[in-house]
Amino acid sequence: GVELAVSAGRSGLESEPGRLLMTLAEAIQRALPCPVIPPASDVLWPWALMDKKNEGDRVQMVLLSGDGSPEVDQSVSFDEFDAACRAVSPTGTTPA
C-alpha cells in the first residue's frame with residue numbers, strides 16, 4: 001500500500017496513472033484488510049531505515065512508474081513516506 005501511494009504521488013495524484021495506482025492501493029486494502037491499526041509513520045520510519053539497501057536517511061523502495069513498470073532502488077524521503085502512510089491509513093483511525 002505505501003509503495004503504491006508513493007508511486008501515485010510521484011506520478012501525480014490527479015494524473016490518470018496516479019489515480020489508477022491509488023485505486024489499486026485502495027482495492028488491495030479492501031481485499032486484504034490489516035487486522036490492526038498500523039503505527040504512525042514516525043514510529044515506522046526508524047524501522048524502515050534499518051533495511052540494508054537504504055542510503056543515509058532515505059529509504060530505498062521498489063516503486064511503479066506511470067505505466068506500471070517497476071523502478072528499483074528508488075530513494076524515498078520521510079515526507080513522501082509520511083504522506084503515503086496517511087493516504088493508505090484506514091479512514092477514521094488514529095495510528096498507535
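Let me start with the contacts of S7, which, once its neighbours within four places in sequence are set aside, touches L21, L63 and L64. Please keep in mind throughout that this is a predicted model. S7 itself sits in helix α1, the helix that covers residues 2-11, and because its relative accessibility is 2%, it counts as buried.

Now to the aromatic rings, where the pairing rule gives a count of two pairs. One of them joins W45 and F78 in an edge-to-face arrangement, with the ring centres 5.5 Å apart and an angle of 75° between the planes. This pair links distant parts of the chain, since W45 belongs to helix α3, residues 41-49, and F78 to helix α4, residues 78-88, with the two positions 33 residues apart in sequence. As for burial, W45 has a relative accessibility of 10% and is therefore classed as buried, whereas F78, at 28%, is classed as partly exposed.

The other pair is W45 with F81, and here the geometry is tilted, at 5.1 Å centre to centre and 55° between the planes. Because W45 lies in helix α3 and F81 in helix α4, this pair ties together parts of the chain that are 36 residues apart in sequence. Both partners, W45 and F81, are buried.

So what do W45, F78 and F81 form when they are taken together? They form one aromatic cluster, and W45 is the residue that appears both in the edge-to-face pair with F78 and in the tilted pair with F81.

Notes: Residues are numbered from 1 along each chain as its sequence is written. This is a predicted model: local features need pLDDT of at least 70, side-chain atom pairs count only at pLDDT 80 or more; totals for chains, interfaces and linings use all residues. Side-chain values use heavy atoms; hydrogens and water are left out. Helices (H or I, at least four residues) and strands (E, at least two) are DSSP runs, numbered from the N terminus. Buried means under 20% relative accessible area, exposed over 50%, partly exposed in between (1.4 Å probe, protein chains only). Contact means heavy atoms within 4.5 Å. Rings of Phe, Tyr and Trp (its six-membered ring) pair if their centres lie within 6.5 Å; planes under 30 degrees apart count as stacked, over 60 as edge-to-face and the rest as tilted.
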